[in-house]
Amino acid sequence: MLKSKTVKVLALGMLLLVTGCWDKDELNELGIALALGIDMQGDLYKVSAQVVLPTEIASKSRSGGNGNAVTVYDATAPTLYEAIRKLIETSPRVLYIPQLRVVVLGEDYARRGISNMVETLMRDVFARTDYFVVVAKGAKAEDILQVSTPLERIPANQVYSSLLASSKTWAPTSTVTIDELMKRLVTEGVEAVLTGIQIVRSTPPAGDDENNNLEPIKPRTELRVSSLAVFDNDRLIGWLNEEESKGYNYIRDQVNQSFGHIAYGNGLVGVRILQSTTDVKAKIINGEPHIQIKVTNMNAIVEMGTTELSLRSREDYRRIEQECSDSVVHILQNTCDVLQHKFKVDIFGFGSLIHQTHPKVWKTLKQDWSKTFSGLKIDLSADVHVKRVGQLGDNYLKQMRENTK
């Protein structure tokens, strides 16, 4: 009997130690934000939040509702954190950001400097760090968050998925999370790069009037991830085009798969990059830094647009491989020229590589690295091998064209 009473007393005592969370919020009191947009309005931060509408998500599961699954709230304040919390003035629920998928920076804001944004969002103890950061190319972040997407009722999810898919299969884009961005900003010898996102508006078809029974299928407004934003310290200074963005990802060894073409004879040959690896080395020759870059690709021929090439012998393959290798070197050279002579910033991390491999040399170079980088000797090479040609073992384009005459 005494033992039973003792157990009960101990159990009651342990219950006193079980307390609730001091800062808990009920789920039905929260507004789940999947995307944040950050702009400047004068000297004030303007924050836009793309918030999920639970009632629309529920109606979709029950009866296939077709209303908007998200809404956008915005607020302004002298500090970023105040603006985020001030969203409660227009939102009926407290903003909940641990489920963030993407943060969009307006181009004007990015040109002013983004360090404060990175520091503030990284400091938030409730936020995760696996969301992507992008820059609104030629637009405000709030405008990006207002665009609906046809395949996904929640636009933030589509942007997130598009970034993931394109970075794996399309070389000109890249994914950068908030913690990776912060690492870039605090590391010596490398500058930050972010993927751009832009609004693309289509032109209505000619004769689009009440007598035209053709209903347009293509959305009038779309979001497109393309090109890379170049930063100097924490400020956006310009954009790389598609080919230059591809060259950057080659040099950073961030190309998994991609597509391209080479000019050959009287047409083009389409190729698919099945696998790509890049080896970058930093050497000191006669006291001067040199960078050696070698790209090795495994390619497949996916389109034959020329009649001047056969695939009957190994020599035919060598000709294609050489053309592909020359094309890769051209892309690399063009990208290096743009960064060295136009932007004059090291987004490749060559300085960081020298810091790691030759720390004593780096001490003498880092004070004037921008100038040194502009004149840095870079040796480029590519080794491309064609491993597949699809289901056709030869080029039948010429034969088919002659038979149709």
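This note goes through the fold, the aromatic contacts, one helix and one surface patch of a predicted model.

1. **Overall make-up.** The chain has 405 residues, and buried residues make up 44% of them. Its secondary structure comes to 14 helices and 13 strands. Take the contacts between residues at least 6 apart in sequence: 71% of these join residues at least 24 apart. The exposed area of the chain is about 22500 Å². Carbon and sulfur atoms supply 51% of that area.

2. **A stacked pair.** The structure holds 8 aromatic pairs. One of them joins F132 and Y160, and this pair is stacked. The ring centres are 4.7 Å apart, with 15° between the planes. The pair counts as stacked because the cut-off for that class is under 30 degrees. It links distant parts of the chain. F132 belongs to strand β6 (residues 132-136) and Y160 to helix α7 (residues 155-169), with the two positions 28 residues apart in sequence. F132 has a relative accessible area of 6%, so it is buried. Y160 is at 15% relative accessibility and therefore also counts as buried.

3. **A tilted pair.** How are the rings of F348 and F373 arranged? Their centres lie 6.4 Å apart and their planes meet at 45°, so this pair is tilted. Here too the pair links distant parts of the chain, 25 residues apart. F348 sits in the loop between α10 (314-343) and α11 (350-357). F373 sits in helix α13 (residues 369-374). Both residues are buried.

4. **The aromatic cluster.** F348 and F373 also belong to one aromatic cluster. The other members are Y248, F350, W362 and W369.

5. **Y248 in detail.** Is this cluster member buried or exposed? Y248 counts as buried because its relative accessibility is 2%. The residue lies in helix α9 (residues 242-251). Leaving out residues up to four places away in sequence, Y248 touches R184, V193, L228, L240, Q254, T335, I347 and F348. Take L228 from that list. L228 and Y248 are 20 residues apart in sequence, and their C-alpha atoms are 9.0 Å apart in space.

6. **Charges over rings.** Y160, the partner of F132 in the stacked pair, has a second feature. The charged end of R101 sits over the Y160 ring, 3.9 Å from the ring centre. W170 has a similar entry: the charged end of K246 sits over its ring, 5.5 Å from the centre.

7. **A nonpolar surface patch.** Which residues form a nonpolar patch with W170 on the surface? They are F259 and V302. Together the three have about 270 Å² of accessible area. F259 is found in strand β10 (residues 258-264). Its relative accessible area is 39%, so F259 is partly exposed.

8. **Helix α5.** This helix spans residues 115-123. M117, V118, T120 and L121 are buried there. What do the buried residues of α5 pack against? Two strands from the N-terminal side of the list are β1 (30-41) and β5 (102-106). Strand β6 is another partner, and β6 is also where F132 of the stacked pair is found. The helices packed against are α3 (80-86), α4 (107-112) and α8 (178-186).

How values were computed: Residues are numbered from 1 along each chain as its sequence is written. This is a predicted model: local features need pLDDT of at least 70, side-chain atom pairs count only at pLDDT 80 or more; totals for chains, interfaces and linings use all residues. Side-chain values use heavy atoms; hydrogens and water are left out. Rings of Phe, Tyr and Trp (its six-membered ring) pair if their centres lie within 6.5 Å; planes under 30 degrees apart count as stacked, over 60 as edge-to-face and the rest as tilted. Helices (H or I, at least four residues) and strands (E, at least two) are DSSP runs, numbered from the N terminus. Buried means under 20% relative accessible area, exposed over 50%, partly exposed in between (1.4 Å probe, protein chains only). A charge sits over a ring if NZ of Lys or CZ of Arg is within 6 Å of the ring centre and within 35 degrees of the ring normal. Patches are made of residues with over 30% relative accessible area and no salt bridge: like charges are joined within 9 Å, nonpolar side chains (Val, Leu, Ile, Met, Phe, Trp, Tyr) within 5 Å. Accessible areas come from the Shrake-Rupley method with a 1.4 Å probe; for residues, only the protein chains shown count as cover. A salt bridge is a side-chain nitrogen of Lys or Arg within 4 Å of a carboxyl oxygen of Asp or Glu. Contact means heavy atoms within 4.5 Å.
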